[in-house]
Amino acid sequence: MSASVDLSALKVLVIDDQEFVRTIVKKMLQQIGIGMVVEAHDGNSGLEVAELEKPDVVICDVQMRPMDGFGFVKLLRSIPFGKSLPVVMLTAHTDAATVGRAKELNVDAFLAKPVLPPALKEKIIKVMTDSKG
């Protein structure tokens with residue numbers, strides 16, 4: 001399955017308001033062979049970076065200020081480029097309400113914190129494979 005997704009050709013946008021989390025996720029993405037990683041510190045800057053950089057996948061924290069992950073996805077889905085952009089939500093909260101809200105916004109996948117490289121790789125391959133179909 002992973003043969004169909006060339007991780008080294010992907011550009012991934014990581015959005016998290018905590019710099020150390022962005023750094024850890026970036027290092028993991030590099031470990032699994034992602035070609036390019038761009039970063040943003042909240043939903044607002046994430047939207048700007050997404051429009052500027054046109055990433056293949058977005059990994060976004062749920063709880064951020066001033067704009068949280070849900071606000072970011074809602075705005076992203078309202079612009080042509082963002083309608084089909086795969087989004088993986090990164091969260092410590094996998095309760096039914098959070099998952100339900102994410103589904104309403106067409107979030108492609110969830111990753112529970114703490115994240116491990118194999119799970120990260122698996123989710124990226126899954127959302128990239130699903131988005132092609």
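This briefing covers the sheet, the unusual backbone geometry and the ring contacts of the structure above. The model is a predicted one. Its five strands form an open, parallel sheet in the order 2-1-3-4-5, and two of its peptide bonds are described below together with two residues of positive phi.

**Sheet and helix packing**

- Strand 2 (36–40) and strand 5 (109–112) stand at the edges of the sheet, and each has a single partner strand, so one side of each is left without a neighbour there.
- Direction ignored, neighbouring strands of this sheet are turned by 20° against each other on average.
- Strand 1 (residues 11–15) runs parallel to strand 3 (residues 57–61) and is joined to it by four bridges, with Val12 standing opposite Val57 of strand 3.
- Helix 2 (residues 43–53) lies across strand 1 and strand 2, and runs at about 145° to strand 2.

**Cis peptide bonds**

- Most peptide bonds are trans.
- Arg65 and Pro66 are joined by a cis peptide bond with omega of about 0°, and Pro66 belongs to the loop between strand 3 and helix 3 (69–77).
- The bond from Lys113 to Pro114 is cis, with omega near -5°, and Pro114 lies in the loop between strand 5 and helix 5 (117–132).

**Positive phi outside glycine**

- Lys54, in the loop between helix 2 and strand 3, has a phi near 50° and is partly exposed, with a relative accessible area of 44%.
- Asn106, in the loop between helix 4 (96–104) and strand 5, has a phi of about 60° and counts as exposed at 52% relative accessibility.

**Aromatic rings**

- Lys54 also lies over the face of Phe81, at 4.8 Å from the ring centre, while the structure holds zero aromatic pairs.

Definitions and conventions: Residues numbered from 1 in each chain as written. Predicted model: local features only at pLDDT ≥ 70, side-chain atom pairs only at ≥ 80, totals over all residues. Heavy atoms only, no water. Phe/Tyr/Trp six-rings, centres within 6.5 Å; stacked < 30°, edge-to-face > 60°. Lys NZ or Arg CZ within 6 Å of the ring centre and 35° of its normal. Pairing = 2+ DSSP bridges. Axes fitted to C-alpha atoms, helices over the stretch in contact; angles between N-to-C directions. Contact = heavy atoms within 4.5 Å. Buried < 20%, exposed > 50% of the residue type's maximum accessible area, 1.4 Å probe, protein only.
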